[in-house]
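Hi everyone, thanks for coming. I'd like to walk you through one structure today, going from the overall outline down to a few individual residues. Let me put it on the screen.

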Amino acid sequence: MWTKIAKIKAFTVQEMVVVLLITSMVVGMAFSVLGLVQKQMGGIATVYRAKSEADRLRKALWIDFNRYTDIQWDAQKEYLHLGNELETKLYDLSGDRPVSETDTFYIPLKSKKCYFGTRDVISGQVDALELQMGPALGERALFVYKENTADTYLNQ
């Protein structure tokens with residue numbers, strides 16, 4: 001009576017170690033790729049926020065330039081005074097962030113230029129404004145202007 005010992009089909013220890021090593025390598029690569037993707041998405045989100053903020057400033061200035069008839073630039077304080085018969089508004093461009101009476105725009109500004117007609121204006125009445133933004137926005141420039149009426153030229 002010989003009893004046959006049935007051999008159980010299974011993996012050897014060496015095979016299990018190889019599988020564990022390969023699995024850990026794949027999981028490690030997946031986590032490193034995930035980290036790279038998260039870093040890239042963070043960079044995209046930062047640029048998107050900065051461009052959205054620049055667009056918000058451009059729209060606010062565009063609306064205000066076309067709403068108010070008298071726009072004055074004070075070079076000493078770096079204030080932009082906008083006014084008409086009913087109301088006035090002030091933009092403070094002196095700091096590193098533009099500030100209006102109701103909003104703060106988180107955009108670093110490098111330089112500001114004001115124009116009236118085709119000439120540069122140091123102080124006084126303006127009809128166009130050029131803001132050079134910092135490196136966060138790729139050194140972009142924002143240019144806002146308004147159409148002048150005959151009234152504007154008479155008051156000069």
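Let's begin with a pair of strands. E2 and strand E3, residues 88–92, run antiparallel and are joined by five bridges. Within that pairing, tyrosine 79 has aspartate 92 of E3 as its bridge partner, and the connection from E2 to E3 is a hairpin through four residues. Before I go on, please keep in mind that this is a predicted model.

On its other pairing, E2, residues 79–83, meets strand E1, residues 70–74, again in the antiparallel sense and over five bridges. Here aspartate 70 stands opposite glycine 83 of E2. E1 and E2 also make a hairpin, with four residues between them, and glutamate 78 in that turn has a positive phi of about 60°.

Now let's step back. How many helices and strands does the protein have? The secondary structure comes to two helices and nine strands. Reading from the N terminus, the order is α-β-β-β-β-β-β-β-β-β-α, with a helix at either end of the run of strands.

What about the overall dimensions? The C-alpha trace spans about 125 × 25 × 25 Å along its principal axes. The radius of gyration is 32 Å, where a compact globule of 156 residues would have one near 15 Å. The protein exposes about 11400 Å², and carbon and sulfur atoms supply 62% of that. Buried residues make up 27% of the 156. If you like contact order, take the contacts between residues at least 6 apart in sequence: 41% of them join residues at least 24 apart.

Next, helix H1. It covers residues 13–67, which is 55 residues, and reaches 80 Å from its first C-alpha to its last, close to the 81 Å expected at 1.5 Å a residue. Which of its residues are buried? They are Ala50, Glu53, Ala54, Leu57, Ala60, Leu61, Asp64 and Phe65. The cover over the buried residues of H1 includes E1, E2, E3, strand E8 (128–133) and strand E9 (141–145).

One of those buried residues carries an acidic name, so let me pause on it. Glutamate 53 sits in helix H1. Its relative accessible area is 15%, and because buried means under 20%, glutamate 53 counts as buried. Leaving aside neighbours within four places in sequence, glutamate 53 is in contact with Thr104, Phe105, Tyr106 and Ile107.

That brings us to the core. In soluble globular proteins, nonpolar side chains tend to be buried together. In this model the largest nonpolar core has 24 residues, and those with the most contacts inside it are Leu61, Phe65, Leu80, Leu129 and Leu131. H1, E1, E2, E5, E8 and E9 each supply at least two residues of this core, and the largest share, five residues, comes from H1.

Phenylalanine 65 is worth a closer look. Beyond its neighbours within four places, phenylalanine 65 is in contact with Ile71, Leu80, Leu82, Asp127, Ala128, Leu129, Val144, Tyr145 and Lys146.

My last residue is leucine 109, in strand E5, residues 109–116. Is it buried or exposed? At 12% relative accessibility, leucine 109 is buried. With the same neighbours set aside, its contacts are Leu93, Asp96, Pro98, Leu131, Gln132 and Met133. Its C-alpha is separated by 5.5 Å from that of glycine 134, 25 residues apart along the chain.

That's my tour. Happy to take questions!

Notes. Residues are numbered from 1 along each chain as its sequence is written. This is a predicted model: local features need pLDDT of at least 70, side-chain atom pairs count only at pLDDT 80 or more; totals for chains, interfaces and linings use all residues. Side-chain values use heavy atoms; hydrogens and water are left out. Two strands pair if DSSP finds at least two bridges between them. The expected span of a helix is 1.5 Å times one less than its number of residues. Buried means under 20% relative accessible area, exposed over 50%, partly exposed in between (1.4 Å probe, protein chains only). Contact means heavy atoms within 4.5 Å. The radius of gyration is taken over C-alpha atoms; the globule rule is 2.2 Å times the number of residues to the power 0.38. Accessible areas come from the Shrake-Rupley method with a 1.4 Å probe; for residues, only the protein chains shown count as cover. A nonpolar core is a set of buried Ala, Val, Leu, Ile, Met, Phe, Trp, Tyr and Cys residues joined through side-chain atoms within 4.5 Å.
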